[in-house]
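Welcome! Open your viewer, find the sequence panel, and follow along one selection at a time.

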Amino acid sequence: MILKKFEFTEKSEENITWKIKNLNLGNKNLIVGKNAVGKTRTLVFILDFVKLLFASPLLRKGTFEWKVVFDDNGNNIEYYIKLKNDKIIEEILKRNNENFLKRNENGDCSIYSEMIKKHVSFIPP
């Protein structure tokens with residue numbers, strides 16, 4: 001699986017917003033730029049996303065949104081998640097533009113079952 005596109009938004013409790021839009025990536029990438037333009041911060045937010053996938057809590061408070069696109073052997077995988085102070089507000093997983101997982105802050109969740117070929121409601125842990 002190859003990370004092809006990365007987008008991120010942070011809105012801190014101090015109301016400071018930081019965004020990365022349309023960061024398109026290839027098999028190998030080189031991030032260059034002047035000092036203090038966000039190269040390291042971009043890598044930190046990519047690392048935060050990886051930590052999130054492994055259920056590691058973020059050490060900062062605020063509202064965070066990630067939208068990432070992967071290429072998985074020709075399949076387009078899109079993942080979107082929005083957190084507010086470590087609580088999931090919205091989560092969507094798509095494969096080739098078809099919803100596989102949807103979740104909102106009210107606890108309404110559904111996931112697509114390959115076995116029965118339909119979406120099934122569930123309660124997350």
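## Start with the salt bridges

The count of salt bridges in this predicted model comes to six. Let us visit some of them.

**Select Arg41 and Glu10.** These two residues form a salt bridge, and their closest N and O atoms are 2.9 Å apart. Arg41 belongs to helix H1 and Glu10 to strand S1 (residues 2-12), so this pair ties together parts that are 31 residues apart in sequence. Now switch on the surface. Which of the partners is buried, and which is partly exposed? Glu10 is the buried one, with a relative accessible area of 6%, while Arg41 is partly exposed at 37%.

**Select Glu114 and Arg95.** Here the side chains meet in another salt bridge, at 3.3 Å from N to O. Glu114 sits in the loop between S7 and strand S8 (118-121), and Arg95 sits in strand S5, so the pair ties together parts that are 19 residues apart in sequence. Both residues are partly exposed: Glu114 has a relative accessible area of 39%, and Arg95 has one of 34%.

**Add Lys117 to the selection.** Its side chain meets that of Glu114 in a salt bridge of 3.5 Å, N to O. With shared partners, the salt bridges join Arg95, Glu114 and Lys117 into one network. Lys117 is exposed, with a relative accessible area of 53%.

## Step back to the whole chain

Clear the selection and show the cartoon. How many helices and strands does the chain have? There are one helix and eight strands. Reading from the N terminus, the order is β-β-α-β-β-β-β-β-β.

Rotate the C-alpha trace: along its principal axes it spans about 55 × 35 × 20 Å. The chain has 125 residues, and buried ones make up 30% of them. Its accessible surface comes to about 8,700 Å², with 53% belonging to carbon and sulfur atoms. Of the contacts with a separation of 6 or more, 28% are between residues 24 or more positions apart.

Next, colour by confidence. The average pLDDT is 90, and 100% of the residues score at least 70. Among the elements, strand S4 (residues 75-84) has the highest mean pLDDT, 95, and H1 has the lowest, 90.

## Follow the hairpins

**Select residues 87-104.** This stretch takes in strand S5 (residues 87-95) and strand S6 (residues 98-104), which run antiparallel and are joined by six bridges. The two strands form a hairpin with two residues between them. In the turn, look for Asn96, which has a positive phi of about 50°. Arg95, which you met in the salt-bridge network, stands opposite Glu98 in S6.

**Extend the selection to residue 113.** Strand S7 (residues 109-113) now comes into view, running antiparallel to S6 and joined to it by three bridges. This hairpin has four residues between its strands, and Gly107 takes a positive phi near 90°. Across the pairing, Lys102 stands opposite Ser110 in S7.

While you have strands on screen, a general point may help you read them: in a regular strand the side chains alternate between the two faces of the sheet.

## Two residues to zoom in on

**Select Ser110.** Is this residue of strand S7 buried or exposed? Ser110 counts as buried because its relative accessibility is 19%, and the cut-off for buried is under 20%. Leaving aside neighbours within four places in sequence, Ser110 is in contact with Phe100, Leu101, Lys102, His119, Val120, Ser121 and Phe122.

**Select Lys87.** This residue lies in strand S5 and counts as partly exposed, at 44% relative accessibility. Not counting residues up to four places away in sequence, Lys87 touches Lys82 and Glu105. Try the distance tool on Lys87 and Thr63: they are 24 residues apart in sequence, and their C-alpha atoms are 9.3 Å apart in space.

## Last stop: a nonpolar patch

**Select Leu47, Val50, Leu53 and Phe54, and show the surface.** Together these residues make a nonpolar surface patch of about 410 Å². Leu53 lies in helix H1 (residues 39-53), and at 49% relative accessibility Leu53 counts as partly exposed. Helix H1 is also where you found Arg41 at the start of the tour.

Note on methods. Residues are numbered from 1 along each chain as its sequence is written. This is a predicted model: local features need pLDDT of at least 70, side-chain atom pairs count only at pLDDT 80 or more; totals for chains, interfaces and linings use all residues. Side-chain values use heavy atoms; hydrogens and water are left out. Patches are made of residues with over 30% relative accessible area and no salt bridge: like charges are joined within 9 Å, nonpolar side chains (Val, Leu, Ile, Met, Phe, Trp, Tyr) within 5 Å. Accessible areas come from the Shrake-Rupley method with a 1.4 Å probe; for residues, only the protein chains shown count as cover. A salt bridge is a side-chain nitrogen of Lys or Arg within 4 Å of a carboxyl oxygen of Asp or Glu. Buried means under 20% relative accessible area, exposed over 50%, partly exposed in between (1.4 Å probe, protein chains only). Two strands pair if DSSP finds at least two bridges between them. Contact means heavy atoms within 4.5 Å. pLDDT is the predictor's confidence in each residue, from 0 to 100.
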